[in-house]
Amino acid sequence: TTTGDGDGDRKVLFWGESGRIKVEKAITLMRRYPDAHIVHARWSMGIDDIAKPLVDHLQEEYNRGRLDLSQERTARFTFCALPLDVWRFIDEERNNTIRVNFDDLEWQDLELPSSKFFSSSSST
């Protein structure tokens with residue numbers, strides 16, 4: 001999904017990926033489209049299995065001081081998992097129509113690693 005004035009000044013607002021996505025591609029998309037809500041969806045996988053490779057890589061790179069996307073991104077990156085029993089969503093009596101509701105899916109927003117400063121106050 002894009003927005004703009006129609007004179008070539010377009011801005012990507014939404015990017016959807018389904019299936020396998022390499023960590024490098026996810027990072028490239030996050031940098032190229034910092035204002036776009038990116039959704040990575042997979043069928044027949046649990047949400048943690050979808051998110052773990054990217055989450056682990058981002059945390060490792062952040063810990064090494066090599067990557068901090070928290071200052072670049074203004075939009076969400078969301079993981080989406082269709083349940084393991086995906087076949088229940090296919091209506092064979094209606095030309096194999098797929099019927100899925102938002103609540104049928106599992107959603108998880110990516111929390112980018114960032115430095116968090118905590119201020120503490122003590123009373124004397």
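**Exercise 1. Find which residue stands opposite Phe-14 in β4, and place that pair in the fold.**

Solution. Step 1: In this predicted model, the residue of β4 opposite Phe-14 is His-37.

Step 2: Count the bridges. β3 and β4 run parallel and are joined by five of them.

Step 3: Follow the chain between the two strands. β3, α1 and β4 form a β-α-β unit, and the unit is right-handed.

**Exercise 2. Work out the strand order of the open sheet that has β3 in it, and name its edge strands.**

Solution. Step 1: Start from β4 and look at β5. These two strands pair in the parallel sense, over six bridges. Within this pairing, Val-39 stands opposite Thr-78 of β5. The chain gets from β4 to β5 through α2, and this β-α-β crossover is right-handed.

Step 2: Go on from β5 to β8. Four bridges join them, and here the strands run antiparallel. Thr-78 has Asp-109 of β8 as its bridge partner. Thr-78 thus appears in two steps: it stands opposite Val-39, and it is also paired with Asp-109.

Step 3: Put the pairs in a row. The order is β3-β4-β5-β8, four strands in an open sheet with mixed pairing. The edges are β3 and β8 (106-109), each of which pairs on one side only. On average, neighbouring strands of the sheet are turned by 20° against each other, with direction ignored.

**Exercise 3. Decide which residues of α1 are buried and whether they line one face of the helix.**

Solution. Step 1: List the buried residues. They are Val-23, Ala-26, Ile-27, Leu-29 and Met-30.

Step 2: Look down the helix axis. The buried residues of α1 fall within an arc of 160°, so they line one face. A general rule helps here: an α-helix has 3.6 residues a turn, so residues three or four places apart point the same way.

Step 3: Check the other side of α1. Glu-24 and Arg-32 are exposed there; the cut-off for exposed is over 50% relative accessible area.

Step 4: Ask what covers the buried face. The cover includes β3 (14-18), β4 (37-43), α2 and β5. The helix α1 lies across β3, β4 and β5, and it runs at about 170° to β3. The other helix, α2, packs on the sheet as well: it touches β4, β5 and β8, and its direction makes about 150° with that of β5.

**Exercise 4. Describe the largest nonpolar core and the contacts of Leu-110.**

Solution. Step 1: Pick out the best-connected members. The core has 21 residues, and those touching the most other members are Ile-27, Met-30, Leu-54, Leu-58, Phe-77, Phe-79 and Leu-110.

Step 2: Assign the core to elements. At least two of its residues come from each of α1 (23-32), α2 (47-63) and β5 (77-82).

Step 3: Take Leu-110 as an example. Leaving aside residues up to four places away in sequence, Leu-110 touches Met-30, Leu-54, Val-55, Leu-58, Phe-77 and Phe-79.

Step 4: Look for another core. There is a second, separate one of seven residues, with Ala-41, Cys-80, Leu-82 and Phe-89 among them.

**Exercise 5. State how many helices and strands the protein has, and in which pattern they follow.**

Solution. Step 1: Count the elements. There are two helices and eight strands.

Step 2: Read along the sequence. The pattern is β-β-β-α-β-α-β-β-β-β.

Step 3: Add the burial. Of the 124 residues, 28% count as buried. β4 is mostly covered, with five of its seven residues buried.

Key:
Residues numbered from 1 in each chain as written. Predicted model: local features only at pLDDT ≥ 70, side-chain atom pairs only at ≥ 80, totals over all residues. Heavy atoms only, no water. Core = buried A, V, L, I, M, F, W, Y, C linked by side-chain atoms within 4.5 Å. Buried < 20%, exposed > 50% of the residue type's maximum accessible area, 1.4 Å probe, protein only. Contact = heavy atoms within 4.5 Å. Arc of directions from axis to C-beta. Pairing = 2+ DSSP bridges. Right-handed = clockwise from strand over helix to strand, strands pointing away. Axes fitted to C-alpha atoms, helices over the stretch in contact; angles between N-to-C directions.
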